2 protein chains.
Amino acid sequence: MKNVLHAKCVKCGKTYEAAPNLTNCTCGGILDIIYDYDYIKTTLTKEKLAQRGDNSMWRYRELLPVEESTQAPPLRVGWSPLYEAKALAAQLGIKKLYVKDDGLNPTASLKDRASSMAVAKAVEAGAGVIACSSTGNAASSLAGNAAAAGLKTYIFVPSRAPKGKVAQLMTFGATVISVQGSYEETFELSKAAIEKWGWYNRNAAINPYLSEGKKTVGLEIMEQLNWMVPDYIAISVGDGCTIAGLWKGLKDLHAIGFIDRLPRLISAQAEGCCPLNRAIAAGEDWRPMEENTLADSIAVGVPRNADKALMAIRESNGLVVNVSDEEIMAAQKLLGRTCGVFGEPAGVTGPAGLKKLCEQGKIPADAAVVSVVTGNGLKDVANAIAACGEPISIPGTMDRLLEAFEENGIHPGKSA
Amino acid sequence: MKNVLHAKCVKCGKTYEAAPNLTNCTCGGILDIIYDYDYIKTTLTKEKLAQRGDNSMWRYRELLPVEESTQAPPLRVGWSPLYEAKALAAQLGIKKLYVKDDGLNPTASLKDRASSMAVAKAVEAGAGVIACSSTGNAASSLAGNAAAAGLKTYIFVPSRAPKGKVAQLMTFGATVISVQGSYEETFELSKAAIEKWGWYNRNAAINPYLSEGKKTVGLEIMEQLNWMVPDYIAISVGDGCTIAGLWKGLKDLHAIGFIDRLPRLISAQAEGCCPLNRAIAAGEDWRPMEENTLADSIAVGVPRNADKALMAIRESNGLVVNVSDEEIMAAQKLLGRTCGVFGEPAGVTGPAGLKKLCEQGKIPADAAVVSVVTGNGLKDVANAIAACGEPISIPGTMDRLLEAFEENGIHPGKSA
């Protein structure tokens with residue numbers, strides 16, 4: 001890889017050759033992939049990018065840690081739409097708001113970006129089996145991306161994983177182990193099994209390449225905004241890998257001169273599980289918390305990528321905000337009604353946090369903000385129905401329709 | 001609209017000016033939009049298309065029945081991936097197979113193509129409210145696309161609609177009437193209500209513009225194949241609008257000289273509800289059938305667009321194939337395992353039909369086939385879990401994992 005110098009431990013600074021099956025540093029620290037930005041500057045220009053027909057995350061090959069000969073895995077991941085959300089911006093009282101709907105990825109979450117990278121690196125490593133533990137989305141994305149590439153998967157999920165995610169796993173033919181316990185217990189069992197059987201490791205805080213896949217969400221946001229840097233980017237935070245990846249992408253673009261400043265990150269967590277935001281707010285080290293939120297994808301009491309995530313939030317002079325489950329479900333409804341975007345609970349925690357910060361007067365009215373929706377609402381239908389209610393149910397006659405409208409205070413007319 | 005001549009009844013041939021709020025002909029026949037292909041040939045070339053950055057169905061504006069000043073609605077609909085499915089082709093014993101995953105549209109089904117068109121035409125008509133009846137997908141796509149455009153919706157669904165689709169509707173803020181009866185009763189109630197309150201009509205067999213939205217799936221398939229015409233295109237059929245739209249798109253491309261021949265259509269229906277295929281097979285008129293299949297989106301006993309659909313299948317010298325619910329669910333699994341594509345039951349009925357025809361020796365081994373997946377499996381998780389089974393559930397210890405692998409005959413190793 002001509003564009004990559006080496007991997008470097010974020011804790012002790014030790015460097016490693018960038019082999020495809022890298023895991024953590026011997027000190028336990030997480031590795032970061034270090035690029036040769038001078039070289040990349042000679043190979044990538046904005047004009048070259050604009051000409052590219054590839055509407056997937058692999059359009060950014062020069063910034064990705066793969067061999068030149070490595071093929072992009074089969075599923076088309078990334079290049080999700082970035083919508084300008086005028087109605088929602090007006091409601092929140094900010095000048096410009098953009099919503100990035102990453103729930104439109106092949107398996108319906110941002111995690112496809114990491115899994116596509118995992119499949120590419122597993123193929124480079126000559127592996128036939130990939131494994132991971134996950135709250136659900138990393139699992140289903142790995143299962144789908146690996147199935148398309150002809151690789152076998154072993155997946156460990158906590159038993160609380162919503163039915164939609166489990167249905168995906170089973171359909172994609174993964175061997176699924178549902179662990180009767182917390183995400184932390186699930187992670188530990190997967191770790192032991194991966195060591196025992198030597199599977200390729202797609203645990204996001206262990207395999208340093210996965211953040212590099214996730215960073216493409218940041219690359220896309222900037223290209224879709226025509227390199228106009230927003231003031232803030234809001235995103236939900238669980239394990240910490242996604243916000244760290246987002247930040248890495250932005251810093252890459254800054255390093256190669258594609259953007260001239262960096263946005264501030266907004267880290268949104270659930271009130272019932274916010275160990276990283278608590279650490280930032282208190283200016284302390286993080287400590288474990290219980291996993292007490294319906295936003296299952298970010299119910300991570302022991303964040304595995306705390307170091308990179310905290311560094312990202314601090315470096316960006318970021319904001320932290322915690323939202324209740326009620327605020328999350330209200331944001332889901334608000335986003336659906338104003339943008340036609342249906343996010344899963346964790347997926348809309350970023351927008352929920354942004355809304356809260358706006359209400360608290362913490363976001364200036366002239367700000368330009370991007371809010372990332374990280375997963376599709378169809379993954380967790382039960383919570384959506386609980387939040388939005390059931391339809392009017394009647395037999396098929398006009399009399400009953402008129403009665404039902406009357407009872408529900410609906411006054412139908414021709415205009416909205 | 002310089003590219004449109006008029007609308008013409010497929011039954012009696014009467015023509016109408018192409019006003020945005022067209023419905024059926026006075027004779028009850030369905031209208032078809034007639035284009036000025038000579039004019040279109042002067043404005044659209046393959047080279048021009050290839051340069052276009054717009055990765056949505058609106059890249060084909062010259063072939064769409066909208067005013068030049070009409071803006072594309074907000075949600076990014078279309079340009080779904082077309083995957084070459086080598087492993088599945090090998091299993092089915094055919095030379096080339098491509099899978100078009102239309103479940104990756106914004107509300108997760110092909111119906112977004114029609115709803116995006118409906119929103120564009122409703123805006124042209126100055127309407128503030130749109131209504132439709134639907135087995136589910138047209139409903140949720142209309143609700144989402146209209147919400148993003150700031151339009152209000154009244155939606156009628158049969159009470160059997162799966163929870164995923166209902167959750168979408170409620171989240172998008174539609175007024176939803178769940179009718180305790182068949183799709184036919186649901187349709188009739190919506191028709192009466194639309195007449196009573198004068199809402200813009202998005203019933204696909206009434207509003208002739210909707211097929212024109214759906215036809216973009218055919219336009220995309222051909223452009224994505226670089227204008228190489230496949231021998232067959234397989235798709236599931238309910239109301240008949242989708243296969244009719246697909247055919248219209250292919251004929252458009254033939255008329256402007258972008259392709260030099262036309263593929264044969266494969267119309268796949270459920271054994272428990274196949275009035276159109278029955279008519280083709282018997283060479284007779286269609287007759288109503290019961291709605292007896294778990295593939296809810298194509299459980300249409302009284303197909304509303306029978307005329308256009310039957311014409312399309314016959315004109316293309318098409319094949320018809322009926323599949324059992326078991327065959328549908330087996331195809332869902334097969335597609336997940338070999339392609340990483342998760343389709344809803346009706347969504348995979350096309351692939352299921354293709355598989356059956358291959359097994360019956362009706363598809364030559366050197367054929368190139370495209371199979372369209374019309375909706376995302378996340379819309380109907382209950383059926384997927386029933387078909388694929390539940391994961392292995394254990395406490396988080398290695399002993400229990402080893403036991404579970406033993407019990408389930410799983411022999412983990414490093415290779416696939």
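A salt bridge here means a side-chain nitrogen of Lys or Arg within 4 Å of a carboxyl oxygen of Asp or Glu. Keep that in mind as we walk through this model, which is a predicted one.

Let's start where the two chains meet. How many salt bridges does the rule find across the interface of chain B and chain A? Zero. There is still plenty to look at there: 77 residues of chain B are in contact with 77 residues of chain A. Between them, the two chains bury about 6,500 Å², and 66% of that is on carbon and sulfur atoms. Thr171(B), Trp197(B) and Leu378(B) together supply 10% of the area that chain B buries against chain A, more than any other three residues.

Polar contacts do turn up between the chains, with 20 residue pairs counted, both partners at pLDDT 80 or more. On the side of chain B that touches chain A, helix α6(B), residues 163-171, gives the largest share, with seven residues. Sort that whole side by class and you get 44 nonpolar, 24 polar and nine charged residues.

Now zoom in on one pair of helices. Helix α7 of chain A (residues 183-197) and helix α16 of chain B (residues 398-407) have axes that come within 10 Å and cross at roughly 60°. The crossing is right-handed. From α7(A), the contact is made by Leu189(A), Ala192(A), Ala193(A), Lys196(A) and Trp197(A), while α16(B) brings Met398(B), Leu401(B), Leu402(B) and Phe405(B). By class, that makes eight nonpolar residues, one charged and no polar ones.

So where are salt bridges found? Side chains of opposite charge can pair when their charged atoms come close. Over all chains, the rule counts 47 salt bridges. One of them joins Lys356(A) to Glu327(A), with their closest N and O atoms 3.0 Å apart. Lys356(A) sits in helix α14(A), residues 349-359, and Glu327(A) in helix α13(A), residues 325-339, so this pair ties together parts that are 29 residues apart in sequence.

Conventions: Residues are numbered from 1 along each chain as its sequence is written. Chains are lettered from A and ligands numbered from 1 in the order in which they are written. This is a predicted model: local features need pLDDT of at least 70, side-chain atom pairs count only at pLDDT 80 or more; totals for chains, interfaces and linings use all residues. Side-chain values use heavy atoms; hydrogens and water are left out. Axes are lines fitted to C-alpha atoms, for helices over the stretch in contact, and angles run from 0 to 180 degrees between N-to-C directions. Helices (H or I, at least four residues) and strands (E, at least two) are DSSP runs, numbered from the N terminus. A crossing is left-handed if the near helix is turned anticlockwise from the far one by less than a right angle, and right-handed if clockwise. Contact means heavy atoms within 4.5 Å. Ala, Val, Leu, Ile, Met, Phe, Trp, Tyr, Cys and Pro count as nonpolar, Asp, Glu, Lys and Arg as charged, and the others, Gly among them, as polar. Buried area is the accessible area (1.4 Å probe) that two parts lose on being put together, summed over both. A polar contact is a pair of N or O atoms within 3.5 Å; within protein, one must be able to donate a hydrogen and the other to accept it, and residues adjacent in sequence count only if both atoms are side-chain atoms.
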